[in-house]
Amino acid sequence: LSNKGRKKLVKLATLINMIGSIMQVATLEEIVVLVSKGIEGLSYGLWEQVVPIFLKEISPYPITGRIIVFHEWMILTGNCVGFVMGTITQLLDQFHSENDKVWFRIIYTLPFLIGAIQIYLLSFVFEL
């Protein structure tokens with residue numbers, strides 16, 4: 001896969017993640033949510049392999065390490081934000097009936113929206 005270009009692989013991982021996100025938003029079936037989580041897991045694995053190498057290639061040498069550490073730090077920040085949002089939506093769902101629990105879809109929609117922005121912004125990034 002690495003002969004396709006790292007930027008294209010990041011876009012591919014983002015598209016895979018967006019597909020998993022759409023699957024989670026579109027269903028209430030547990031098996032589909034599990035499959036979509038597996039699809040998203042594949043995209044996260046691809047990101048973790050490609051993005052640090054891509055960042056190393058495009059960043060200036062004196063600050064390469066800082067940029068890669070910042071990337072990892074943002075992953076942890078995203079995990080914390082997701083945990084807080086999950087707690088908030090779970091609390092909001094307590095006040096609704098079993099058929100009306102839709103707040104969790106907000107969390108599953110965010111990766112799709114962020115992915116669309118990422119694919120657009122990657123169009124402006126050069127590749128070596």
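Q: How much area does the protein chain expose, and what share of it do carbon and sulfur atoms supply?
A: In this predicted model, the chain exposes about 8,800 Å², and 72% of that comes from carbon and sulfur atoms.

Q: Thanks! And what percentage of the residues count as buried?
A: The figure is 24% of the 128 residues in the protein chain.

Q: What sort of box do the C-alpha atoms fill?
A: Taken along the principal axes, the box is roughly 55 × 25 × 20 Å.

Q: How many helices and strands are in there?
A: You'll find four helices and zero strands. Going along the sequence, the pattern reads α-α-α-α.

Q: Okay, contacts next. Among those between residues at least 6 apart in sequence, what percentage join residues at least 24 apart?
A: That would be 63% of them in the protein chain.

Q: Let's switch to pockets. How much space lies in the largest pocket?
A: About 1,300 Å³. The elements giving two or more residues to its lining are α1 (6-26), α2 (30-58), α3 (64-93) and α4 (104-122).

Q: Which of those gives the largest share of the lining?
A: Helix α3 does, with 11 residues.

Q: And how many residues line the largest pocket, and which lie nearest its centre?
A: The lining has 35 residues, and Y44, W47, M74, G78 and I114 are the ones nearest the centre.

Q: What's the lining like by class: how many nonpolar, polar and charged residues?
A: The largest pocket is lined by 22 nonpolar residues, 10 polar ones and three charged ones.

Q: Nice. How many aromatic pairs does a search of the whole structure find?
A: Three. One of them is F70 with W73, a tilted pair with 5.9 Å from centre to centre and 35 degrees between the planes.

Q: Where do F70 and W73 lie?
A: Both are in helix α3, three residues apart, or about one turn of the helix.

Q: What about Y120 and F124, and why do they get the label edge-to-face?
A: Their ring planes stand at 80 degrees to each other, with the centres 5.2 Å apart, so the pair is edge-to-face. The cut-off for that label is an angle over 60 degrees.

Q: Are Y120 and F124 buried or exposed?
A: Both are exposed.

Q: Changing topic: where does F104 lie, going by helix?
A: F104 is in helix α4.

Q: Why does F104 count as partly exposed?
A: Its relative accessibility is 22%, so F104 falls in the partly exposed class, which runs between 20% and 50%.

Q: Leaving aside neighbours within four places in sequence, what is F104 in contact with?
A: F104 touches Q24, L28, T89 and D93.

Q: How far apart are F104 and I75?
A: From C-alpha to C-alpha they are 21 Å apart in space, and in sequence the separation is 29 residues.

Q: One last residue, G5. Where does that lie?
A: G5 is in the segment before α1.

Q: And why does G5 count as buried?
A: G5 has 15% relative accessibility, so it counts as buried; the class takes in values under 20%.

Q: How far is G5 from K37?
A: G5 and K37 are 26 Å apart in space, C-alpha to C-alpha, and 32 residues apart in sequence.

Note on methods. Residues numbered from 1 in each chain as written. Predicted model: local features only at pLDDT ≥ 70, side-chain atom pairs only at ≥ 80, totals over all residues. Heavy atoms only, no water. 1 Å grid on protein atoms, 1.4 Å probe; cavity = no way out; pocket = protein on both sides within 12 Å on 5 of 7 lines; lining within 4 Å. Points joined across faces, edges and corners; volume = space filled by probe spheres on them. Nonpolar A, V, L, I, M, F, W, Y, C, P; charged D, E, K, R; others polar. Phe/Tyr/Trp six-rings, centres within 6.5 Å; stacked < 30°, edge-to-face > 60°. Buried < 20%, exposed > 50% of the residue type's maximum accessible area, 1.4 Å probe, protein only. Contact = heavy atoms within 4.5 Å. Areas by Shrake-Rupley, 256 points an atom, 1.4 Å probe, with all protein chains shown as cover.
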